Amino acid sequence: MIDEELDAFETDPVRGGHPLLATIGCAVLLLLSRCGGGSSEAGLSSDAMMTGIVVGGGLIGLVFWAIAYAITIRRASPRWKIASLLVLVCVGLWTGAADVAARKQAFSRDVAASRVLFQQARVRKPGTALPVPAGAGTLTRMAAAHVNAAFADLDRQSAAQLQAGMAEILQLRGLRKTSAVLDQCDRFDALENSARAVRAKPTRYLDAARAMADADVAAGTIDRPLTDSVLEGMLRNRAAMERRWDRLAAQARTASQVCRILARRHWTTAPDGTVAFTSHAEVAAVNAVLRQLDPVPETVPAKPTA
């Protein structure tokens, strides 16, 4: 029976037009559109979206057939009309399925690249930004924007602490009674205020990431629910970042208090460069302040020098 149907189809007159050439030409155009317009990045968060892409490919195939029908296929036999329609719709469906597969692969690469970026963050050198690979996907660029913004603030705070002499104050080392830092203790108050100002804005690092997400969602390269879930995940890390800025603020506050104790100059500089207090009261005062930090610095002598 199948052989009979094939024979009947082969012997069915075309009647007019060029349905075979039109079908082949439209199929080639559909395939070329898939090769030239494949998604470089995307995220699919729902079955409905994936189904929509596949169905959309079928509809594009239908549009191609309609154009070809208006030009030439309408003059062909009914069997050629049906055959050309089925072929082009199937090709369109295939291009949609291929688009979904490409999007899934791109999304997997994007997730892997973002994980590599977070691993690089753990060994990042201070003062450097994490590089974003060329052609990076939305998730990777969102992560880089978020992390680099946080690192930029931390680097600025660390540089300001170093310039203010916080290391010498908290380590009680490298100071002399003539050190200028002892007359500028209010600089540590400013550092504490700046740390608390950053800490008070937990979503400040999400702005750049959100802007990238909005642009890519508008371009149709990623789904809104997916970017929202990524932003929510970044926001859940807020507690860790807040603790870090609390620590920086506490360091600045402690440095300010120790600086004011040292500014009384009841100490001398030991041969190894450390501060040697000359009064029990000063030792107790500095110890009480340093115990506020966790961990407590082990730099204060147990008793004053003679």
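How far apart are E192 and R196 in helix α7, counted in residues and in helical turns? E192 and R196 are four residues apart in helix α7 (residues 186–199), and therefore separated by about one helical turn. Helices here are DSSP runs (H or I, at least four residues), numbered from the N terminus.

A word on the model itself. This is a predicted model, in which local features need pLDDT of at least 70 and side-chain atom pairs count only at pLDDT 80 or more, while totals for chains, interfaces and linings use all residues. Residues are numbered from 1 along each chain as its sequence is written, and side-chain values use heavy atoms, with hydrogens and water left out.

**Salt bridges**

Side chains of opposite charge can pair when their charged atoms come close. A salt bridge is counted when a side-chain nitrogen of Lys or Arg is within 4 Å of a carboxyl oxygen of Asp or Glu. The structure holds 13 salt bridges, including these:

| Pair | Closest N to O distance |
|---|---|
| R124 and D155 | 2.9 Å |
| E192 and R196 | 3.3 Å |
| E242 and R199 | 3.8 Å |

Let's return to helix α7 to see how its charged residues are placed. Accessibility is sorted by relative accessible area (buried is under 20%, exposed is over 50%, partly exposed is in between, with a 1.4 Å probe and protein chains only). E192 is buried at 14%, whereas R196 is partly exposed at 35%.

R199 of helix α7 pairs with E242. E242 belongs to helix α10 (residues 238–262), so this salt bridge ties together parts that are 43 residues apart in sequence. E242 is buried at 17% relative accessibility, and R199 is partly exposed at 31%. Shared salt-bridge partners also join E192, R196 and R253 into one network.

R124 is another residue to find in the structure. Its salt-bridge partner is D155. R124 sits in the loop between α4 (78–122) and α5, and D155 in helix α5, so the pair ties together parts that are 31 residues apart in sequence. Both R124 and D155 are buried. The charged end of R124 also sits over the ring of F151, 3.8 Å from the ring centre. For this, CZ of Arg or NZ of Lys must be within 6 Å of the ring centre and within 35 degrees of the ring normal.

**An aromatic pair**

Rings of Phe, Tyr and Trp (its six-membered ring) pair if their centres lie within 6.5 Å; planes under 30 degrees apart are stacked, over 60 edge-to-face, and the rest tilted. There is one aromatic pair by this rule. The ring centres of W65 and Y69 are 5.0 Å apart and their planes meet at 35°, so the pair is tilted. Both residues lie in helix α3 (residues 47–71), four residues apart, about one turn of the helix. W65 is buried at 14% relative accessible area, while Y69 is partly exposed at 30%.

**Helix α8**

Helix α8 has 14 residues (206–219), which should span 20 Å at 1.5 Å a residue, and its end C-alpha atoms are indeed 20 Å apart. The expected span is 1.5 Å times one less than the number of residues. L206, A209, A213 and D216 are the buried residues of α8. They cover an arc of only 100° around the axis, which puts them on the same side of α8. That arc is taken from the directions from the helix axis to the C-beta atoms. Among the elements covering these buried residues are α5 (138–164) and α9 (224–236), with contact meaning heavy atoms within 4.5 Å. The face turned away from the buried side carries the exposed residues A218 and A219. Just after α8, G220 takes a positive phi of about 80°.

Terms used:
Helix = DSSP H or I, 4+ residues; strand = E, 2+ residues; numbered from the N terminus.
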